[in-house]
Amino acid sequence: MRTLISMTYVYSVNAASMSTDTDDTDDFRFINDLPDDDDEEERILGFLAGAEAYVMGRVLYEEFAKHFQGKTAADHPFAPIYAATDKVVFSRTLESADWERTTINRGDVVTEVQKLKNEGDGYMIVTGRSGIHRTLLHHDLIDEFRITVFPLLLGHGTQMLALDDVGESKPLELVSCHPGTNGVVVLHYRRRR
């Protein structure tokens, strides 16, 4: 059975996310100005390239397509990986998807993701804090969590996950912890069942 892994970026130690989409805030500038960590970038690229599929909703799909579709590794190192991997977009409103290896799924998210999990032995990635991510978390379909925490305390923003998103408590066990040379920490947890 495929493993479903949540990949989430938490932009602060206090688990808040930025409530703005603009990149002209002090918070975004701080994060963008952090020194590169080549070892972590190599781990991320390997992790992304190993996925059999990405599960996403319409909003994230459109955002990713805008930033990565038709781009090369010179434009962004993630671009060729996303292009070469199956993308399953759950949407009842998206009329078409012209990014290669994209399938629009209009079915029930819980039922359809369970089917996708039963189709292989590798792993799939769901990312973001979308309704799909929250639904999958609430229904306990996420098997592992890869959480990237930036060295920042936010004085504003929104909570990463609401209590209703989680549903019943879900114990986790630590798989790995990679503190970066730039202060960013990547936590990898597995759902303890």
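**Reading a strand and two unusual backbone angles**

Mentor: Let's start with one pair of residues: I125 in β6 has Y54 standing opposite. Keep in mind that this is a predicted model.

Trainee: Happy to. Which strand pairs with β6 over three bridges, and in which sense, parallel or antiparallel?

Mentor: Strand β3, residues 53-57, pairs with β6 in the parallel sense. Strand β1, residues 3-10, is also parallel to β6, and those two pair over five bridges. There, S6 has V126 of β6 as its bridge partner.

Trainee: How many residues of β6 are buried?

Mentor: Buried means under 20% relative accessible area. By that cut-off, five of the five residues in β6 (123-127) are buried, so the strand is mostly covered.

Trainee: And which residues of β6 point one way, and which the other?

Mentor: Y123, I125 and T127 point one way, while M124 and V126 point the other way. Residues on both sides are buried.

Trainee: Now the backbone. What sign does phi have in most residues other than glycine?

Mentor: Most of them have a negative phi. In this model, R101 has a positive phi of about 60 degrees, and it is not a glycine. D140, also not a glycine, has a positive phi of about 60 degrees.

Trainee: Where does R101 lie, and where does D140 lie?

Mentor: R101 is in the loop between β4 (86-90) and β5 (102-105). D140 is in the loop between α6 (131-138) and β7 (144-149).

Trainee: Why does R101 count as partly exposed? And why does D140?

Mentor: R101 counts as partly exposed because its relative accessibility is 47%. D140 counts as partly exposed because its relative accessibility is 24%.

Key. Residues numbered from 1 in each chain as written. Predicted model: local features only at pLDDT ≥ 70, side-chain atom pairs only at ≥ 80, totals over all residues. Heavy atoms only, no water. Helix = DSSP H or I, 4+ residues; strand = E, 2+ residues; numbered from the N terminus. Buried < 20%, exposed > 50% of the residue type's maximum accessible area, 1.4 Å probe, protein only. Pairing = 2+ DSSP bridges.
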